[in-house]
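Q: Could you zoom in on one part of this model and walk me through it? I'd like the aromatic cluster in the interior, plus whatever helps me place it.

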Amino acid sequence: MTRLATSLIALIASIVLLVSGNAFLMTLLGLRLSVEGFSTSLIGWILVCYSVGFVGGTVFAERVVERVGHIRAFAVFATALAVTVQIYPLAVNAPLWAALRAFGGFAMAGLMIVMESWFSSRATNENRARLFAVYQIVFFLSTASGQLLINVGAPQTMFPYTLAAMLVTLAVIPLSLTRMDAPVVEGSERLSLPALYRISPVGVIASLVAGLLVNAFYAMAPVYADRVGLPTDRVSLFMASAIVGAMILAWPIGRLCDRFNRRRVLIVVLAIAAGTSAAIPLVGGEHALALIGVVGLYMGLSAALYPVSVAITNDQMPTHQITAASTTLLLAYGIGSCIGPVVAATAMDEFGPNGLFYTNTAFLLALGVYLLYRLQRRPDVPEEERVDYYTTTPHGGHWLYELDPRNESFQGRREGPGRAGLRIGRTVLGAAGRAHAATRGR
């Protein structure tokens, strides 16, 4: 137990340093591009390259881990990410920054794969629910704290980039010094997106829209804040309020999803989120504190779309296919994250800064209409067949979902001579799954 606690401290320290540094950088770059006078649409195209690189990394970066091992892969990805951070202020050039964002997204995906697989390898059936919750909390808090670092210096100076690079580099030290054994990497088959859509259309579409909304906000919100005249110290609070809102609202929305029909809870969340999004342009930058509060509520509701969609999908799945389904929902989320910043930036070019929230309101309303349509097409899942609700965040890969307490195919860590491993259940959609989709898909 002492060794487990020590290894987790090292993991958590690396997660805090890495995630806070990366979150800080994402906001910093949006501010810098806005200050430099780049058009809003061009900013969107530059920043969306991070999502494109991240999605590519979730598919291909695992091969690097398999080839060189976890510690070496972590060092490679962290060093590469730190180097890209230091290049940004040397030349503010759109094609260069787009390439750096794509490379940085790929490297960050590789880092998340290493950390999540290592976190999962420490789990047993007795502690995995606690580890699952600890990981989510640490990630939320680290992301929020990264936003507060915006106040350390003007985005045109070198120091903020140096600080972000230092945080990423320092993340290597705790993991490099730990004595815990590296996990065994085993392949994992996944459900295809069309196959999962046949089972749970609402889950797939809601995940895609969640990726669109959340990543449009994180990419373009610093630009919005700068364009409406928020001072730098308020920009940090503006961005941090989004993460804090997601943390605060996660529990009550989860309680509602366990007590009431989840698709109807989702309709209520969509309606309130759409109303809040529509209200943000009315508040504007003249009322900074009110704007920060309303944005926290809006993003708390928007961030809930993904875990609710996961719960709706898992209600349709056999428990041994939960990991495969969650991985496919991550793909849908990733597709949305590649669309959102570009659409939002185009709308901001057309309608001004408030175009960000005009667009998000439209997508929320469109998802609500689609959900009402699906309610007429498919019956609700009986209460006795629903799985428990757990808050999940779409920031990594399939490894973390092995810890999901709803996953009954989980195999606890196995310690052998010099190594600890995690068995990844291989899940495919066969004839039984297709029959299940035909009778229960919504």
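A: Here is a walk through the ring cluster, then the core around it, and then a few charged and surface spots for contrast.

First, a bit of context. This is a predicted model, with 15 helices and 2 strands in the protein chain. Of its 442 residues, 58% count as buried. Take the contacts between residues at least 6 apart in sequence: 85% of them join residues at least 24 apart.

Now the rings. The structure holds 11 aromatic pairs. One of them is Y224 with F238, a stacked pair at 6.1 Å centre to centre, with 25° between the planes. That pair links distant parts of the chain, since Y224 sits in helix α9 (residues 201–227) and F238 in helix α10 (residues 232–259), 14 residues apart. Y224 and F238 are both buried.

Y224 has another ring partner, F357, and here the geometry is edge-to-face: 5.1 Å centre to centre and 85° between the planes. This pair spans 133 residues, going from α9 to helix α14 (residues 355–377). F357 is buried, just like Y224. Follow the ring pairs along and you get a cluster made of F217, Y218, Y224, F238, Y298 and F357.

What packs around F238? Leaving out residues up to four places away in sequence, F238 touches F217, A221, Y224, A225, L230, L291, I292 and V295. F238 also turns up in the largest nonpolar core, which has 117 residues; it is listed there among those with the most contacts inside the core, along with M108, F217, M220, L266 and L305. Helix α9 gives the largest share of this core, 16 residues.

For another view of the helix packing, try L301 in helix α12 (residues 288–314). L301 counts as buried because its relative accessibility is 7%, under the 20% cut-off. Apart from neighbours within four places in sequence, L301 is in contact with L249, I253, V269, I272, A273 and T276. The C-alpha atoms of L301 and A271 are 9.8 Å apart, with their positions 30 residues apart along the chain.

Next, the charged pairs. The count comes to 3 salt bridges. R262 takes part in a bridge with D258, where the closest N and O atoms are 3.0 Å apart, and in another with D315, at 2.8 Å from N to O. D315 lies in the loop between α12 and α13 (322–351) while R262 is in helix α11 (residues 262–283), so this pair ties together parts 53 residues apart in sequence. D315 and R262 are both buried, and the shared partner joins D258, R262 and D315 into one network. D258 is partly exposed, at 36% relative accessibility, whereas R262 is buried at 3%. Elsewhere, E36 and R32 meet in a salt bridge at 2.9 Å, N to O. There, E36 is partly exposed with a relative accessible area of 36%, and R32 is buried at 6%.

Finally, the outside. M166, L170, I173 and L177 form a nonpolar patch on the surface, with about 400 Å² of accessible area together. Helices α6 (159–170) and α7 (172–177) are the elements giving two or more residues to that patch. L170, in helix α6, is partly exposed, with a relative accessible area of 38%. Over the whole protein chain, the accessible surface comes to about 16,800 Å², of which 64% belongs to carbon and sulfur atoms.

Conventions:
Residues are numbered from 1 along each chain as its sequence is written. This is a predicted model: local features need pLDDT of at least 70, side-chain atom pairs count only at pLDDT 80 or more; totals for chains, interfaces and linings use all residues. Side-chain values use heavy atoms; hydrogens and water are left out. Helices (H or I, at least four residues) and strands (E, at least two) are DSSP runs, numbered from the N terminus. Buried means under 20% relative accessible area, exposed over 50%, partly exposed in between (1.4 Å probe, protein chains only). Contact means heavy atoms within 4.5 Å. Accessible areas come from the Shrake-Rupley method with a 1.4 Å probe; for residues, only the protein chains shown count as cover. Rings of Phe, Tyr and Trp (its six-membered ring) pair if their centres lie within 6.5 Å; planes under 30 degrees apart count as stacked, over 60 as edge-to-face and the rest as tilted. A nonpolar core is a set of buried Ala, Val, Leu, Ile, Met, Phe, Trp, Tyr and Cys residues joined through side-chain atoms within 4.5 Å. Patches are made of residues with over 30% relative accessible area and no salt bridge: like charges are joined within 9 Å, nonpolar side chains (Val, Leu, Ile, Met, Phe, Trp, Tyr) within 5 Å. A salt bridge is a side-chain nitrogen of Lys or Arg within 4 Å of a carboxyl oxygen of Asp or Glu.
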